[in-house]
Amino acid sequence: MARTLSATEAARTFSDLLDRTRYGGETFVIVQGREEVARLVPPKDPAPAGTLGDFLRLLRERRAEGLVDEDFASDLAQIQASVPPSPGDPWES
């Protein structure tokens, strides 16, 4: 069931509302005066979160299936070689 709140309250607690919508699946109706002006609803198909490891695994699978251009790895290597190394330690302050 949707919770109704004023536009002022929604503005003050927007970050919390986003978290509750995204992670808790809650729906909010936002009103100005007595008129409904917006609804905050969770996405039907939230984007899956992934890691770099997930991406590399997927890339290997796609390559094995012939879905990745064989020149892809060499293109990446050429791009990486064309970028000059950063000077010094980037973590040094």
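Helices, as counted here, are DSSP runs of H or I with at least four residues, and strands are runs of E with at least two. On that basis the chain of this predicted model holds four helices and three strands. Read from the N terminus, these elements follow the order β-α-α-β-β-α-α.

The overall dimensions come next. The radius of gyration of the chain is 23 Å, whereas a compact globule of 93 residues would have one near 12 Å. The C-alpha trace spans about 60 × 45 × 20 Å along its principal axes. Of the 93 residues in the chain, 11% are buried. Among contacts with a separation of 6 or more, 30% join residues that lie 24 or more positions apart.

The surface may be described in similar terms. The chain has an accessible surface of about 8100 Å², and carbon and sulfur atoms contribute 55% of that area. The chain carries 11 positive and 16 negative charges, and the mean positions of the two sets are 11 Å apart.

Turning to the interior, the largest nonpolar core consists of six residues, namely Leu 5, Ala 10, Leu 17, Phe 28, Ile 30 and Leu 40. Within this group, Ala 10 is in contact with Leu 5, Leu 17 and Ile 30, when its neighbours within four places in sequence are left aside.

Val 29 offers a second point of entry. This residue belongs to strand 2, which covers residues 28-32. Is Val 29 buried or exposed? Val 29 is classed as buried because its relative accessible area is 7%, and the term applies under 20%. Once neighbours within four places in sequence are set aside, the contacts of Val 29 are Ala 2, Arg 3, Thr 4, Leu 5, Glu 36, Ala 38 and Arg 39. Leu 5, one of these partners, is also a member of the largest nonpolar core. Val 29 and Ser 6 are separated by 23 residues in sequence, and their C-alpha atoms are 8.4 Å apart in space.

Notes: Residues numbered from 1 in each chain as written. Predicted model: local features only at pLDDT ≥ 70, side-chain atom pairs only at ≥ 80, totals over all residues. Heavy atoms only, no water. Rg over C-alpha atoms; globule rule 2.2 N^0.38 Å. Buried < 20%, exposed > 50% of the residue type's maximum accessible area, 1.4 Å probe, protein only. Contact = heavy atoms within 4.5 Å. Areas by Shrake-Rupley, 256 points an atom, 1.4 Å probe, with all protein chains shown as cover. Lys, Arg positive; Asp, Glu negative; His and termini not counted. Charge placed at Lys NZ, Arg CZ, Asp CG, Glu CD. Core = buried A, V, L, I, M, F, W, Y, C linked by side-chain atoms within 4.5 Å.
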